[in-house]
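Visitor: I should like to learn how the features of a protein model are read, one at a time. Where shall we begin?

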Amino acid sequence: MTLRISSIRILPARPWKNGQGITRPVTESPGWRVSIATIDRSCSFSAYPGMLRQQALLSGAGLELILPTRECMRLERAGAVLSFSGMLPLTCRLDGGAVSVLNIMFAPDRFPDAAIRSVTTTFFPNAEADAVIVPVRGSWRATCASNAVHHVTTGEIMHGRIRYIAPLPGQGQQSALCYVASSCM
């Protein structure tokens, strides 16, 4: 797999399955999908029976996912990751304006180790698996499977087989944050 780096802004946008939001697919294959969604109003989420989902906040004040039982899951800061069943009929309520979130959806029988990981320091993804790196704060250095070194920063994504990532030195490493979404952590 060829390593790709691109701006999030240039990813093609398409409506959610239920039409209530916009998503920008990063990678998709049968049983595995990574996307970046913009949610600009409180709305219902699309149902994806047979899939597990994880979501992490990229920007905005946060949101609350409301289960049919009226229980709530909150995503109120970058770094936290929510996990939930794709078959649940969820409603989201925004905390203070539009948000941007990283999503993964996966079939657990095909991708039992798929996940979004919040990373603040050196991290070694599974270099044999498909991975997406999404910086939230700071610039990051990554070594891909071919040992080439690349840099990625906030507003960009890196997609491919990645051996190693680390925040670039001298850029306030205490505040560095990125997400790694992988088909096999």
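Guide: Let us begin with strands, which are DSSP runs of E at least two residues long, numbered from the N terminus. The model shown here is predicted. In this model, S35 lies in strand β4.

Visitor: How many helices and how many strands does the chain have?

Guide: The chain has zero helices and 18 strands.

Visitor: How does one read overall dimensions, and which radius of gyration would a compact globule of 185 residues have?

Guide: The radius of gyration is taken over C-alpha atoms and set against a rule based on the number of residues. For 185 residues, a compact globule would have a value near 16 Å; the chain has 16 Å, so the two agree. The C-alpha trace spans about 45 × 35 × 30 Å along its principal axes.

Visitor: What share of the residues counts as buried, and what share of the contacts joins residues 24 or more positions apart?

Guide: A residue is buried when its relative accessible area is under 20%. Of the 185 residues of the chain, 50% count as buried. As for contacts with a separation of 6 or more, 68% of them are between residues 24 or more positions apart.

Visitor: Let us return to the serine in β4. Is S35 buried or exposed, and why?

Guide: S35 is buried because its relative accessible area is 2%, and the cut-off for burial is under 20%. The side chain of S35 is joined to that of T23 by a polar contact of 3.2 Å. Leaving aside residues up to four places away in sequence, S35 touches T23, R24, P25, V26, V101, L102 and N103.

Visitor: T23 has now been named as a partner of S35. Which residues lie nearest the centre of the largest pocket?

Guide: T23 is among them, together with W16, Y48, R53 and M105; the pocket is lined by 16 residues. The elements giving two or more residues to this lining are β2 (14-15), β4 (32-39), β6 (52-59) and β11 (99-106). The largest share, four residues, comes from β4, the strand that holds S35.

Visitor: What is the volume of this pocket, and how is its lining divided by class?

Guide: The volume is about 170 Å³. The lining consists of seven nonpolar, five polar and four charged residues.

Visitor: Which strand holds S83, and which residues does S83 touch?

Guide: S83 is found in strand β9, residues 81-85. Beyond residues up to four places away in sequence, S83 touches R53, Q54 and M73. One of these, R53, was named among the residues nearest the pocket centre. With Q54, S83 makes a polar contact from side chain to side chain, at 3.0 Å. The C-alpha atoms of S83 and L52 are separated by 7.4 Å, although the two residues are 31 residues apart along the chain.

Visitor: Why is S83 classed as partly exposed?

Guide: Its relative accessibility is 44%, and the partly exposed class lies between the 20% and 50% cut-offs, so S83 belongs there.

Visitor: Where is S139 placed, and with which side chain does S139 make a polar contact?

Guide: S139 is in strand β14, and its side chain is joined to that of T153 by a polar contact of 2.9 Å. S139 is buried, with a relative accessible area of 16%.

Visitor: What can be said of V136 in respect of accessibility and contacts?

Guide: V136, in strand β13 (residues 131-137), is buried at 12% relative accessible area. Not counting residues up to four places away in sequence, V136 touches L58, A78, T154, L177, C178 and Y179. V136 and A37 are 99 residues apart along the chain, and their C-alpha atoms are separated by 15 Å.

Visitor: How should backbone angles be read, and what is the phi of R70?

Guide: Most residues other than glycine have a negative phi. R70 is not a glycine, yet its phi is positive, about 80°. R70 sits in the loop between β7 (63-66) and β8 (72-75), and counts as exposed at 67% relative accessibility.

Visitor: What is the phi of N147, and where is N147 placed?

Guide: N147, also not a glycine, has a positive phi of about 75°. N147 is placed in the loop between β14 (139-144) and β15 (149-153). With a relative accessible area of 51%, N147 is exposed.

Conventions
Residues numbered from 1 in each chain as written. Predicted model: local features only at pLDDT ≥ 70, side-chain atom pairs only at ≥ 80, totals over all residues. Heavy atoms only, no water. 1 Å grid on protein atoms, 1.4 Å probe; cavity = no way out; pocket = protein on both sides within 12 Å on 5 of 7 lines; lining within 4 Å. Points joined across faces, edges and corners; volume = space filled by probe spheres on them. Nonpolar A, V, L, I, M, F, W, Y, C, P; charged D, E, K, R; others polar. Buried < 20%, exposed > 50% of the residue type's maximum accessible area, 1.4 Å probe, protein only. Polar contact = N/O pair within 3.5 Å; in protein donor to acceptor, adjacent residues only side chain to side chain. Contact = heavy atoms within 4.5 Å. Rg over C-alpha atoms; globule rule 2.2 N^0.38 Å.
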